Amino acid sequence: MPKTQPSQSKKKQKLTKKRKKSQELSNVYTSDDIGGLSNNGGGLGNNEMDCLEELASAQVAGTTTSSNNTASGTSNEINNTNSTINPTSNANAPSPRPQHPPPPGIQQIPNLRIELARHLQTETLSTFLLQSCPGLRMPTFERWLLDSKLEESDRFQSIINEWMDDPSSKLAHTSGKAKKKYGRAAMYRGDNAQQERENSRKEKDCKLLIAAEKRIPAQTAQNRDGGYVGSWIRCIDRDPVLPYQVMETDPSCDRLLKEINAAFLPTADSGDEESDQQQQHLQKAKENVRELCHRTTEACKELQLLEQRLGKYHKFAGWDTSSSTPADRAGKKKKRKRGGGSSGGGGNVHVEWHKEDTTSEMPHICSLIYVHKKRKSSRSSSTSANTGSGTEDNQGEDTSTNQNKPKPFVIKINASHYHKLRVKFDAVYKSSSDTSSMTNEQSTQAFHAILFATVIRYSSLSGGQQLNDWRGGGMQGAVHEGVFDCLSKWFGVGGPLSASGTECFASPFNSTLDRFFSAFPSPDIDGHFGSHGDFFFNPMSNLDFLRPAGGWYELNPPFSPGVMNKMAYRLGELVEISRKQELDVAFIVVIPTVRNIANRNSGDDRAKAKKKKKKKKNNRLNDHEDSSDNTNLMSTVHHAASQSFRQLINSPYCRSHIVLPAREHGYIEGGQHLRPTKYKDSQYSTSVIVLRSKSWKSTDDAGLFEKELREAFASRHAMEVNLRRERSIGKTV
């Protein structure tokens with residue numbers, strides 16, 4: 001021991017000498033850089049000619065930057081200050097390749113049993129609505145689900161803005177206890193029952209926000225500009241798909257009620273009997289909407305209790321991802337034995353490959369098989385220990401255990417999407433410390449678990465019936481790859497395709513560009529595949545949202561009125577910011593065309609429309625009921641989306657409005673990862689609206705762009721069907 005002490009002291013002395021020398025050298029370099037010379041190519045080590053050439057180049061460039069201290073790590077701060085001083089310097093420069101945000105981590109994979117339970121709850125809710133309201137289809141439930149969830153986030157945003165404007169209003173919710181009304185019936189009685197229900201909901205929202213404020217990262221908590229509200233909303237502990245406390249008086253429920261009435265009442269006559277039927281239908285529709293809201297709230301409570309019992313994150317069988325000590329793990333085992341509860345969603349996801357035919361060399365279908373691991377109870381272990389006399393008893397035990405085994409849950413997806421998401425997963429975690437200490441087998445197991453959870457989550461968002469009979473998923477459709485090539489050609493600022501473009505409404509399955517925004521960003525499931533955030537509530541300011549990629553932004557939102565109205569409002573803010581900052585940014589919006597938008601603006605046109613309805617009353621009675629239901633339902637949806645459509649086409653920055661007729665263009669299926677076909681024809685007209693701070697250079701450019709865009713949007717469904725038919729003929733031959 002005494003020999004090792006002086007050697008350690010000598011090492012410390014050498015380290016201190018090296019630090020002093022490095023500090024002296026850094027001081028010399030910084031003093032030399034006062035004249036604008038950089039460390040690379042200038043300074044004390046070069047001659048006078050090199051210094052003069054560097055000074056001349058600096059004067060020609062007209063830059064007056066400060067010291068470039070790469071050794072001290074301040075280059076990022078200098079770049080930020082230069083970008084704020086001269087925002088137009090890098091406007092036309094090629095944008096760098098977008099970097100993926102930090103991944104959530106392997107330990108934050110959602111519990112697969114909770115995902116399956118949510119999928120079942122959503123399927124039950126959609127089945128209730130479609131069965132109780134004949135004439136409705138799955139897109140109606142999808143629109144209600146998306147709009148109600150967005151309204152929930154808007155409520156949180158309004159409360160946060162109120163607290164930021166008046167901090168004293170926050171103290172009223174942190175101190176003091178609110179008066180409670182016991183029982184569900186108490187919230188529906190009295191003259192001020194509606195107001196009391198809204199107040200109680202606001203109290204619950206405030207409690208969730210106060211609890212979420214403690215989970216905000218320290219960096220975003222210090223900078224309360226830009227994305228502070230978005231990061232706060234992301235930290236709220238709530239269900240990612242179902243609205244936890246929706247009321248029938250919300251705008252989304254009001255639109256749902258109108259759609260139900262439009263499907264129930266295809267014709268509106270003035271007879272007494274029919275007016276009584278209308279009132280009965282209206283009362284029944286209100287009861288159905290109220291019951292749907294109640295069932296949704298109860299489903300959220302059940303999922304919350306299940307999460308408290310099983311845990312929020314998935315536990316893999318065979319390897320431990322927790323960072324607890326052995327003593328803590330032993331204590332948890334004792335608690336589990338005392339409680340006798342089930343395990344928290346353990347088990348791995350296995351994969352099986354299938355071929356469409358024997359002639360193909362590569363498999364086309366991938367089956368994800370999940371069986372949750374059940375912990376043996378104390379009774380079964382004691383009986384198995386006591387038994388053991390005779391082979392007949394053992395055989396009886398084997399049959400009983402086989403009957404009690406959990407059934408596997410199988411999902412079949414296309415092999416192309418399996419490999420696509422594996423590439424995204426590896427790109428996100430290639431430099432992460434979570435996967436560096438894992439084996440290849442563990443990394444593959446983690447990918448299979450998050451892939452299984454992602455398929456279940458997006459099926460739940462589509463109504464929960466997408467895995468059974470492919471119903472739903474139309475809100476997750478995407479444009480062709482050729483459309484992105486066309487947009488990159490006309491609005492790209494240089495560099496590769498993925499560097500200059502951004503998808504604002506995408507998913508890991510239908511995304512084409514590297515930089516995309518989705519519904520479940522980090523730390524949720526989409527963060528494992530490189531999602532950059534939520535378009536509405538992202539943890540960055542509007543200026544930071546525009547600058548990293550620049551170029552152009554493609555917006556193909558879900559065709560839901562609430563989402564489209566909020567998108568139009570946000571686009572107005574982004575275009576104004578790009579104009580003030582002199583950024584050449586283009587927003588390409590792809591939405592359904594609202595029919596007869598001009599006829600609904602004036603009162604005279606409305607009166608003419610009513611007269612036409614009276615003249616065509618007899619003709620409507622002879623038409624088919626399904627066609628009349630569909631037209632009335634779509635007219636109701638178009639009327640709800642007319643506000644956003646009018647706001648976009650009447651914007652002073654609208655440079656082009658291209659209408660694509662129905663059945664002359666197509667999209668990519670929203671459930672493309674589950675279906676054998678990829679493309680589909682569009683049943684309705686589509687509008688492509690270009691918002692840009694700068695106008696076209698010439699009218700010829702606008703015409704050429706429209707021509708190329710129509711070619712890129714051409715439907716590919718017929719070509720795909722012909723190819724599949726030729727393959728089937730080749731099999732028979």
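A salt bridge is counted here where a side-chain nitrogen of Lys or Arg lies within 4 Å of a carboxyl oxygen of Asp or Glu. In this predicted model, the side chains of Arg457 and Glu115 meet that criterion, with an N to O distance of 2.6 Å.

**Salt bridges**

The structure holds 26 salt bridges, and three of them are set out below.

| Pair | N to O distance | Location of each residue |
|---|---|---|
| Arg457 and Glu115 | 2.6 Å | Arg457 in helix α17, Glu115 in helix α4 |
| Asp239 and Arg118 | 2.9 Å | Asp239 in the loop between α9 and α10, Arg118 in helix α4 |
| Asp154 and Lys566 | 3.1 Å | Asp154 in helix α5, Lys566 in helix α22 |

Arg457 and Glu115 are 342 residues apart, so that helix α17 and helix α4 (residues 112–132) are linked by a pair from distant parts of the chain; both Arg457 and Glu115 are buried. Asp239 and Arg118 also meet in a salt bridge, and because Asp239 sits in the loop between α9 (228–234) and α10 (251–264) while Arg118 belongs to helix α4, the pair ties together parts that are 121 residues apart in sequence. Asp239 and Arg118 are both buried. These two pairs belong to a wider arrangement, in which Glu115, Arg118, Asp239, Arg457 and Asp524 are linked in a network of salt bridges.

The salt bridge between Asp154 and Lys566 joins helix α5 (residues 138–165) to helix α22 across 412 residues. Asp154 has 26% relative accessibility and therefore counts as partly exposed, whereas Lys566, with a relative accessible area of 19%, is buried, the cut-off for buried being under 20%.

**Helix α17**

Helix α17, the element that carries Arg457, comprises residues 440–461, and at 1.5 Å a residue its 22 residues should span 32 Å, which agrees with the 32 Å that separates its end C-alpha atoms. The helix is mostly covered, as 18 of its 22 residues are buried. Just after α17, Gly463 takes a positive phi of about 110°.

**The sheet and its helices**

An open sheet of 5 strands follows the order β4-β5-β6-β10-β7 and has mixed pairing. Its edge strands, β4 and β7 (654–660), each pair on one side only, and neighbouring strands are turned against each other by 15° on average, direction ignored.

Strand β5 (residues 552–555) is paired with β4 (residues 501–503) in the parallel sense over 3 bridges; Gly501 stands opposite Trp552, and Thr502 has Tyr553 as its bridge partner. In a regular strand the side chains alternate between the two faces of the sheet. In β5, Trp552 and Glu554 point one way, Tyr553 and Leu555 point the other way, and all are buried.

Strands β5 and β6 (residues 586–592) run parallel and are joined by 4 bridges, with Phe587 of β6 as the bridge partner of Tyr553. From β5 the chain crosses through helix α22 (residues 561–580) to β6, and this β-α-β crossover is right-handed. Helix α22, in which Lys566 is found, lies across β5, β6 and β10 (686–692) and runs at about 165° to β6. Helix α26 (residues 699–712) lies across β7 and β10, running at about 35° to β7.

Definitions and conventions: Residues are numbered from 1 along each chain as its sequence is written. This is a predicted model: local features need pLDDT of at least 70, side-chain atom pairs count only at pLDDT 80 or more; totals for chains, interfaces and linings use all residues. Side-chain values use heavy atoms; hydrogens and water are left out. Buried means under 20% relative accessible area, exposed over 50%, partly exposed in between (1.4 Å probe, protein chains only). Helices (H or I, at least four residues) and strands (E, at least two) are DSSP runs, numbered from the N terminus. Two strands pair if DSSP finds at least two bridges between them. A crossover is right-handed if, with the strands pointing away from the viewer, the path from the first strand over the helix to the second runs clockwise. The expected span of a helix is 1.5 Å times one less than its number of residues. Axes are lines fitted to C-alpha atoms, for helices over the stretch in contact, and angles run from 0 to 180 degrees between N-to-C directions. Contact means heavy atoms within 4.5 Å.
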